[in-house]
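Me: I should like to understand how the terms used for a protein structure are justified. Please set each value against its definition.

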Amino acid sequence: MDDFSSEGKKSDPELAPIDRTVTVHEGSEKFHRLGWKRLTVCLIVEAIALGSLSIPSAFATLGMVAGVIMCVGLGLIAIYTSYVVGQVKLKYPHVNHYSDAVQLIWGRFGYELTGVMFALFLILLVGSHALTGTIAFITIIDNYAICALVWGVISMIILLILSLPPSFAEFAILGYIDFASILIAIMITIVATGVQAHDAPGGLSAVNWSAWPPADVTFYQAFLATTNIIFAYSFAVCQFSFMSEMHTPKDYVKSIWALGLIEIFIYTVTGALIYAFVGRDVGSPALLSAGHTVSRIAFGVALPVIFISGSINGTVVGRYILDRAFAENPTIRYVKGMKGWIVWVGLITTITIIGWVIAEAIPFFNALLGLISSLFISGFTFYFPALFWFQLVKVGKWNANAHNIALSIVNAICFVIGIIVLGCGTYASVQDILSQYTGGSVRSPFTCDSSSYA
């Protein structure tokens, strides 16, 4: 591979690709068994969760036209930026996690900064799924006499257990259950809301949905709705980690297209249909709009996706920490023998507990997650891949030929989108936190009151 991304990079030993013929270290074989189909499943588990049922509420804020355009347009952009991420991995095989890639363009500072962003975001996602599990159990059991913290601890333990498989090839088996779970939950919600709309006075024509945003929607509300869609396409954050376990990394392109098209279809159809059936009053997640009994059934069906999608974030963080802290100790790094498993179980336990504690301790945790996502996903999905293309992937000058000019424009647009999400998303998230305090909707930390979660 003689051609490098941009001028001057070829002579830089830090950026030189590692020889692909290097023998796989003994003990790492089980971490190189991921094919493109299982990679697709891992990406689906990481990307498509119960949050997909928040898309209809985004449609209610943005209107049908803007909602559809955002779902399709942002999905196509996410496919492209993930393609660029994969090109970086193929060109620099020693890149195992996102921070390794950022180190190539920003040096040690970028490595440390992105490592913190990467770990913090995924740990918070673990906590978010613990809270979602708590809400699901409260809804299903329908018994507010049981302390909510009990359901929180149960959720945390389930997440911990499901995070224990150390290789993604092993974890992918759970992904099929995860995918079936979210599809069935979505179908139940669509059918239930459709039947309700049909049977209501006036039928479907009486539903108060609109092609355009409502007149009273503020900028920050509209951008918060947009970020719900943006973050639904944030699968690039774990892509380096997953690709490091592929036996044929170049096949990742099939996974990216498969996942991207599946996501675009699910998000657009789910958002448009449920919004058309329920209207402006659609809940988030939308299964809360399906009626009391149906909501309980849908939450029960969605339990696998809540916990499987949440647990894979803990597994990714655990792999990142092992790869970094025990790079020279294959027994621990590749989870071999008693010592390796003791370290791995202890690490996963610590990660899961930290995520749960943060989620319970911060009264405005979901809004905080939105703030963190605005700060981080703007980079992971948009401006970092754009910088990767300009500094690591591009061959020759940006204006050397029509191909480079076209891709330079595309990546410049991706970079600008990332900066807009960073700025406007942060502003919208802060406004959301302030409005929650003003409206008195902030719950108490470590509360036993189940109604505060509902």
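Reply: Let us begin with one cysteine. Cys424 has a relative accessibility of 23% and counts as partly exposed, because buried means under 20% relative accessible area, exposed means over 50%, and partly exposed lies in between (1.4 Å probe, protein chains only). This is a predicted model, in which local features need pLDDT of at least 70 and side-chain atom pairs count only at pLDDT 80 or more, while totals for chains, interfaces and linings use all residues. Residues are numbered from 1 along each chain as its sequence is written, and side-chain values use heavy atoms, with hydrogens and water left out.

Me: Why is Cys424 too far from the closest cysteine sulfur for a bond?

Reply: A disulfide is a pair of cysteine sulfur atoms within 2.5 Å. The closest cysteine sulfur to that of Cys424 is in Cys414, at 17 Å, so the distance is too great for a bond. Cys42 is likewise without a partner, because its closest cysteine sulfur, in Cys238, is 9.8 Å away. Cys42 has a relative accessible area of 1%, so it is buried.

Me: What makes Cys147 and Cys448 a disulfide?

Reply: Their sulfur atoms are 1.8 Å apart, and the rule therefore accepts the pair, since its limit is 2.5 Å. The pair joins distant parts of the chain, 301 residues apart: Cys147 is in the loop between helix H4 (98-141) and helix H5 (148-162), and Cys448 is in the segment after helix H14 (402-439). Helices are DSSP runs of H or I with at least four residues, numbered from the N terminus. By the disulfide rule, the count is one.

Me: Why is the disulfide of Cys147 and Cys448 called left-handed?

Reply: The torsion about its S-S bond is about -125°, so the disulfide is left-handed. With a relative accessibility of 18%, Cys147 counts as buried, whereas Cys448, at 41%, counts as partly exposed.

Me: How do you know that Val45 is buried?

Reply: Its relative accessibility is 1%, so Val45 counts as buried. Val45 belongs to helix H1 (residues 36-47). Beyond its neighbours within four places in sequence, Val45 is in contact (heavy atoms within 4.5 Å) with residues including Phe171, Gly175 and Ile312.

Me: What makes a set of residues a nonpolar core?

Reply: The members are buried Ala, Val, Leu, Ile, Met, Phe, Trp, Tyr and Cys residues joined through side-chain atoms within 4.5 Å. The largest such core has 137 residues, and among those touching the most other members are Tyr98, Phe121 and Phe384. Helix H4 gives the most to this core, with 19 residues.

Me: What makes Arg108 and Glu112 a salt bridge?

Reply: A salt bridge is a side-chain nitrogen of Lys or Arg within 4 Å of a carboxyl oxygen of Asp or Glu. The distance for Arg108 and Glu112 is 2.8 Å, N to O, so the pair meets the definition. Arg108 has a relative accessible area of 54% and is therefore exposed, while Glu112, at 28%, is partly exposed. The structure holds six salt bridges.

Me: How do you know that Asp323 forms a salt bridge with Arg319?

Reply: Their closest N and O atoms are 3.3 Å apart, and the pair therefore qualifies under the limit of 4 Å. Asp323 and Arg319 are separated by about one helical turn, because they are four residues apart in helix H10 (residues 292-325). Both Asp323 and Arg319 are buried.

Technical notes. Helices (H or I, at least four residues) and strands (E, at least two) are DSSP runs, numbered from the N terminus.
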